[in-house]
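Reader: I should like to discuss the pockets and the helix packing of this model, and the grounds on which each term is applied.

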Amino acid sequence: MERNRVRIIGGAWRSRVIYFPARPHLRPTPDRVRETLFNWLGQDLDGRRCLDLFAGSGALGFEAASRGAAHVMMVERDAQVCRALQANARLLDARTVEVVRADGLEFAAVGDARYDVVFLDPPFDADVLPRLLRLLPPRLARAALVYVESPVMLQPETGWTIWRNGRAGHVNYHLLQWNPDE
């Protein structure tokens, strides 16, 4: 099995490497973009509950856990990728990380857990972001932030505010906040 790797860039597991299987749909968030994102979020995520809805390599979720998140729920549909996430969690002794094998859209539509930070990095060809952004508000804690990667600049529907955004190569990244009063 060919394996890819990504390095955690901050927190308790800084410089530790996580591995994931080669899959055409996996695009780990580049170091520079992760650094920008966690500068926006604050380096310390102590006490925050995070949801990594299309976990893939796990780079975002493990980065959040490394920086003190109280709980990180990683959701991944691909069985082999899910097993790699579980292996990485064991390797890091990541007790605040929970890995679930499920479809991201289905997971977002059910349950009552609320999250302070949500990472959305679905496969670009899936075209699920509009639907996801409609499903997410009931899963968000007060003042929650939602990080989104997409192939194009987002034009979110009413209720969402783009707090920050940027572009790196072919990836547009955004930090959104839900404002139900808009």
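Reader: Which elements each supply at least two residues of the lining of the largest pocket?

Author: The model is a predicted one. In it, α2, β4 (71–76) and α4 (104–109) each contribute at least two residues to that lining. The largest pocket has a volume of about 350 Å³. Its lining comprises 27 residues, and those closest to the pocket centre are H25, F54, E76, D121 and P123.

Reader: What makes up the lining of the largest pocket by class?

Author: The lining has 14 nonpolar, six polar and seven charged residues. Phe and Pro count as nonpolar and Asp and Glu as charged, so F54 and P123 belong to the nonpolar class, and E76 and D121 to the charged class.

Reader: How do you know which elements line the second largest pocket?

Author: A lining residue must have an atom within 4 Å of a point of the pocket. The second largest pocket holds about 210 Å³ of space, and 16 residues line it. Closest to its centre are D127, L129, P130, S150 and L154. Two or more lining residues come from α5 (129–135) and from β7 (140–150). The largest share, three residues, is that of α5. By class, the lining divides into eleven nonpolar, two polar and three charged residues.

Reader: Why is α1 called oblique to α2?

Author: Helix α1 (residues 31–41) and helix α2 (residues 59–66) pack at an angle of about 45°, and their axes lie 11 Å apart. Angles under 35 degrees count as roughly parallel, and those from 65 to 115 as roughly perpendicular. The angle of about 45° falls in neither range, and therefore α1 is oblique to α2. The crossing of the two helices is right-handed.

Reader: Which residues make the contact of α1 with α2?

Author: R34, L37 and F38 of α1 meet A59, L60, E63 and A64 of α2. This contact has five nonpolar, no polar and two charged residues. Arg and Glu count as charged, so R34 and E63 are the charged ones.

Methods
Residues numbered from 1 in each chain as written. Predicted model: local features only at pLDDT ≥ 70, side-chain atom pairs only at ≥ 80, totals over all residues. Heavy atoms only, no water. Axes fitted to C-alpha atoms, helices over the stretch in contact; angles between N-to-C directions. Helix = DSSP H or I, 4+ residues; strand = E, 2+ residues; numbered from the N terminus. Parallel < 35°, antiparallel > 145°, perpendicular 65-115°, else oblique. Left-handed = near helix turned anticlockwise from the far one by under 90°. Contact = heavy atoms within 4.5 Å. 1 Å grid on protein atoms, 1.4 Å probe; cavity = no way out; pocket = protein on both sides within 12 Å on 5 of 7 lines; lining within 4 Å. Points joined across faces, edges and corners; volume = space filled by probe spheres on them.
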